[in-house]
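The following questions and answers go through the packing and strand pairing of one protein chain. Please keep the sequence and the structure open while reading.

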Amino acid sequence: MRLPTLLATAVLLVFSQVHAAQRPNVLFMMADDLNNSLGCYGHPLVKTPNLDKLAARGVRFQNANCQFPLCGPSRNSMLTGLYPNSTGILGNSQLFRQTIPNAVSLPQAFRRDGYFAARIGKLYHYGVPNSIGTNGHDDPSSWELELNPAGCDRLVEPPDIFSLLPGNFGGTLSWYASPRPDEKHTDGLQAKDAEWVLERCAKEKDRPFFLALGFFRPHTPYVSPETWFKGYPKDQMPVVQGIKEDQADLPAPALGSYKKEQDNLTDDLRRQAVQAYFSAISFMDAQAGKVLDALDRLGLAENTIVVFTSDHGYHLGEHGLWQKQSIFEESARVPLLIAAPGMKKGVVASSPVGLIDLYPTLTELCGVKAPANLQGQSLVPMLKDPEVKGRGWVLSQVVRGGGFKRMGASPAKGDDGKRFFGYALRTDRWRYIEWDEGKAGKELYDHEKDPKELTNLADKPEQAEVQAKLAEQLHGIVKTTFPADGKTPEIAKGNAMYTPELVDPQGGKATKE
């Protein structure tokens, strides 16, 4: 009687191993504070040969947007598949476990389904540069392995970094051309760690992997080896002109992310900042290339889905703004490249999509069980046919008023301490924005005629019909971004910190020993 039982067990084990070998791996790479200044997106100056090759191997999403142009809210939204109104994470230094503790994160879903889930660097929020080398505001339930290297940019070079506010780096324009080579920097160390993890995975192909690699560049301080600076001569760096004319038709909250220290910028400093930002992008691209080369060298590429994106976009002087936390195109739009086995290669999908769509997309591609409450759409139809329209829109939001002031940026003019939101609806043609449900201002931009969003058409009689339709659509969509009870979850008083634990997604509580 035991022989049939043993035989059946052996057959099940073999079937399980074959099934595991057939399930695709995932290499999920993110840059930090990266806009669409990439060669594959048509930038005339920035050189990104490795990401360009990745784009040629997959689908480039032309109009991808984040859901909240700030690291913490954006990353929590992306990794839970829920809008910020449903995560309750509207600022940095917070994690969704404080508001929705039983949620299953994207990597956790893979981990629960038998995948080896590993993280290197920044996936959830980190305080940059001070938290480099630590777990940051990470979620231990998401990963089986966590690696946190720290390079010379964190351990040696801070005293040498230039900043508009001396001694302040992470939230302030700051940069440095390092005399040390790529492999001494944090992102260089992370690429090496990724190769090491992939080598382990290549030896044990009976278990698929979800490897998340979060680069820190080009986040401030823009630190990269000086060899990369040589590719971007300072006198050739662009400086945005016509700022006063551009700002004349803007409501005050649109410029609420401006920081006072930016008054100290001269055109020479602006060129230095752009030079350092572009250099950091090329440096990051080279590290991504090392990982992609390792994927090929180890024979893993054919069965691995590769995703590359950023947490949000970034201003380089457009509209008089720098950095993030606006909902203009430059701040809300992100690069998004997906190369998946059996899907289209070297094509462009133009319909608007969001980072919130990555969770349902990857779980569908890998046959991983996903939570029923995900709020994004699967992009698999677009990966098969880039002409598929999908939802046809993407929503981004940002906070202003009292809550925004505490995040370190200048409050909007007339800010009385009341918190309110700005929402941006991006369609194929239009970007429509309302601040505090329109009471604090509106914006409307026609991307067919005005891709730089220089002319605000809101409340123009000739656009009344278009605006009315977009406003109705926006209001309807915003309602769907909340939980079923319509209330954004809050962090309980006295619960500023959370306790890491392997959460039971069914809501049960672990027994304490």
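Q: In which sense do S4 and strand S5 (residues 145-147) pair, and over how many bridges?
A: This is a predicted model, where local features need pLDDT of at least 70, side-chain atom pairs count only at pLDDT 80 or more, and totals for chains, interfaces and linings use all residues. Residues are numbered from 1 along each chain as its sequence is written, and side-chain values use heavy atoms, with hydrogens and water left out. Strands (E, at least two residues) and helices (H or I, at least four) are DSSP runs numbered from the N terminus, and two strands pair if DSSP finds at least two bridges between them. S4 and S5 are parallel, with Ala118 bridged to Leu145 in S5, and the number of bridges is 3.

Q: Which residue in S8 is the bridge partner of Ala117?
A: S4 also pairs with S8, in the parallel sense over 6 bridges. S4 is mostly covered, with 6 of its 6 residues buried; buried means under 20% relative accessible area, exposed over 50%, and partly exposed in between (1.4 Å probe, protein chains only). The partner of Ala117 in S8 is Phe210.

Q: Which element gives the most residues to the largest nonpolar core?
A: A nonpolar core is a set of buried Ala, Val, Leu, Ile, Met, Phe, Trp, Tyr and Cys residues joined through side-chain atoms within 4.5 Å. The largest one has 56 residues, and those with the most contacts inside it are Met29, Leu198, Leu211, Phe278 and Phe308. Elements giving two or more residues to this core include strand S1 (25-31), strand S4 (116-121), helix H7 (186-203) and strand S8 (209-214). The element that gives the most, with 13 residues, is H10.

Q: How many residues does the second, separate core have?
A: In general, nonpolar side chains tend to be buried together in soluble globular proteins. The second core includes Phe28, Cys66, Ile89 and Met382. Its number of residues is 47.

Q: How are H2 and H10 oriented to each other?
A: Axes are lines fitted to C-alpha atoms, for helices over the stretch in contact, and angles run from 0 to 180 degrees between N-to-C directions. The axes of helix H2 (residues 49-56) and helix H10 (residues 267-297) come within 7 Å and cross at roughly 50°. Angles under 35 degrees count as roughly parallel, over 145 as roughly antiparallel, 65 to 115 as roughly perpendicular and the rest as oblique. H2 and H10 are therefore oblique.

Q: Which residues of H10 make the contact with H2?
A: Contact means heavy atoms within 4.5 Å. On the H2 side the contact is made by Pro49, Asn50, Leu51 and Leu54. On the H10 side the residues are Met284, Asp285, Ala286, Ala288, Gly289 and Leu292.

Q: Is helix H3 (residues 71-80) largely enclosed or left open by the rest of the structure, and why?
A: The buried residues of H3 pack against S1, helix H4 (84-87), helix H5 (106-112) and helix H12 (358-366). H3 is followed by Gly81, whose phi is positive, near 70°. Because 10 of its 10 residues are buried, H3 is largely enclosed.

Q: Which residue in S9 does Ser178 stand opposite?
A: Strand S7 (residues 174-178) has 4 of its 5 residues buried, so S7 is largely enclosed by the rest of the structure. S7 pairs with strand S6 (residues 162-163) in the antiparallel sense over 2 bridges, and with strand S9 (residues 222-225) in the parallel sense over 4 bridges. Opposite Ser178 in S9 stands Pro225.

Q: Which strands stand at the edges of the sheet S13-S3-S16?
A: This open sheet has 3 strands, and its pairing is mixed. Strand S3 (residues 64-65) pairs with S16 in the parallel sense over 2 bridges. One side of each edge strand is left without a neighbour in the sheet, because each has a single partner strand; the edge strands are S13 (333-334) and S16 (353-354).

Q: What angle does the direction of helix H15 (residues 464-479) make with that of S19?
A: 4 strands form an open antiparallel sheet in the order S17-S18-S19-S20, and the twist averages 10° from one strand to the next. H15 packs on this sheet, touching S17, strand S18 (420-427), S19 and S20. The angle between the directions of H15 and S19 is about 65°.
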